[in-house]
Amino acid sequence: MESSIIRAQGLSRRYGSTIALDSVDLDIPAGRIVGLIGPNGAGKTTALKAILGLSKFNGKLEVLGLDPSRDRDDLMEDVCFIADVAVLPRWARVWQIIELTEKLHPRFSREQCMKYLARTKIKQHSRVRTLSKGMVVQLHLALVMSIDAKLLILDEPTLGLDILFRKQFYTSLLNEYFDEQRTILITTHQVEEVEHILTDLIFIKDGKLIVNNTMDDIYEQYTEVMVSPDDLEQARSLNPIHERVLFGRHIMLFDNADQKRLGELGEIHKPSVADLFVALMGEQASDQTEQSEAEGKAA
Amino acid sequence: MNQHMFSRLWVLIRREIWESPVAFKWTPLIIAGFILLVTVLLLIIGAKVDNEQVFTIDGIRMYAQMDDAQQRLMAAGVMFSAGSLFHQVMFLVVVFYLAGSLYDDRRDRSILFWKSLPVSDRMTVTSKILTAMVAAPIMYLGGIAFIQLSLVLIASGYGLMADINIFTEVWAPANLPKVWTVTLLGSLVQSLWLLPIYAWLMFCSSWAPRLPILIAVLVPVLIGMFQHFWSFFSNFRLPDFNLLWVILERIGRGVMPASIEWEQIVTESQTAPSFVPREEMLMSFKSIGNAFVSWEMWIGVAIGMLFLAGSIWFRRRATDS
């Protein structure tokens, strides 16, 4: 496909004996908002670093048609990136950062940036070190949204921010930045906040992709049913992939089950990404816990 | 190198000066202020003790009666000494600057921001070494020029009181435009002379997991000591080549203004007991030229280039962790 923004084949990365990325295949077209979700140490940051040309990898990887390990300088004209914690240089003043970005980035618009900053309490003469964490993220977002890039990568961008900032962050991103020409790749733990804006969902665990699909397909594939107490046995016979109890009601998640039959068993709705995550990753996570406990004892 | 690249380099060098204003802006100003303060204090105290103004006004009259060569020597001596302190302090400042140059942003993770800009690692390393080799000497020349101008102005004040022609007796022998040209050229040649040491510091800064300055100092010290003891206990000898001495000698010659004819002064003063230095020996274009074309200079530059290439290699692979 010509319009692939990110294409990976057999993307792998090992750190000693740990496999951070295990032969990952990926194809992200333009105009998507992709959530890359996984537990800690699943390989999210490793994948992002490979895409950004910040670390080595094995296998094939093309970002905007370029090889990130060789052409990082060219790539960065079209890729923007906000990392998990505020990484703006602490010694710098706001106007200095704007000036540097303007002079070093050919696609930066100072006018746009000023417009975004005018809505915040950030002053031109403040040092980054004196800004609150939320303000640093606001500043970084203002910078990034003023760059006419094709791919924006967000690595836990709202970590440690209060809910007002987080809401505002995603609202600005969606309303003022995103369009069909751009692609956004987000990793986050706060899945509830991004699930409504995602077009695609990737679950990653132990370096492997567990789910890699569009949200539409996912909603088609997985169905959540609030099963009436009388139909419990019947529902269980349909092999739900996950079952939980909430206020005495059984909520079951089905993979590729007949919608009609499910409808007869109880109230049907779309599963939330968080519930999907627990259902698909939880089981393996418990295996993992046992294994790591055993390893812990051995050590 | 096109214009676009020059303007980007210029922006990156400005970034370095913004990041370290104390090193590049305040330190030369403070040294200049310190020298000026000491001079003025000495003159005030001197005026109290020396009621007759023997040392100042009479002194400058005596100076006015000297012949041209002597006047130029005295003026050059004052200008030269005023500048020396700047050179030595600048070397120390640059050492610490370079040791942190590729390390600090790895430690505070701002490397992730810098690497998100479309700037190549070669460009980053180049901008930092140019900050040390060109921007720093120019900033410190600002301080030197300020203090030299102040001293000439003070001398002119006394000259007016003493009723001498300050233009022929003070400004002409001091010859500030020549002094500044010599100082600037000399500093740039010294930067090139010190390049292997500068580049070594940067190289350590590019990969050290912590304390790059300590690593940069300890490695040559340990190698030098090892070599010393090895030749002590074994038959293997490189008599006149101990790494540590080579480095120390290079630093010693590197922090001196390049315009001094050091070797000539030493040899002449040993052979002729009545030796008197001349102005040309302190402010010599020839000495700068000789340093520039010496083979030691270019061996150093070649070693420096290797370390710089190594720095770029490590910078390419550096992230926040």
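This is a short working chat about the chain contact, a bent helix and the nonpolar cores of a predicted model.

Me: What should I know before reading the numbers?
Reply: The model is predicted, with local features needing pLDDT of at least 70 and side-chain atom pairs counting only at pLDDT 80 or more, while totals for chains, interfaces and linings use all residues. Residues are numbered from 1 along each chain as its sequence is written, and chains are lettered from A and ligands numbered from 1 in the order in which they are written.

Me: How many residues does each chain give to the contact?
Reply: Chain A gives 22 residues and chain B gives 18 residues, where contact means C-beta atoms, placed from the backbone, within 7 Å.

Me: And which element gives the most on the chain A side?
Reply: That is α3(A), with 5 residues; helices here are DSSP runs of H or I, at least four residues, and strands are E runs of at least two, numbered from the N terminus.

Me: Switching to α2(B), where does it bend?
Reply: The bend is about 35 degrees at Thr27(B), with Pro28(B) following within four residues, taken as the angle between axes fitted to the seven residues ending there and the seven starting there.

Me: What do its buried residues pack against?
Reply: They pack against α1 (3-19), α4 (68-101) and α7 (121-161) of chain B, buried meaning 20 or more other C-beta atoms within 10 Å of a residue's own, exposed 12 or fewer, and partly exposed in between, with C-beta atoms placed from the backbone.

Me: Which helix gives the most to the largest nonpolar core?
Reply: In that core of 91 residues, helix α5 (residues 133-145) of chain A gives the most, with 7 residues; a nonpolar core is a set of buried Ala, Val, Leu, Ile, Met, Phe, Trp, Tyr and Cys residues joined through C-beta atoms within 7 Å.

Conventions. Contact = placed C-beta atoms within 7 Å.
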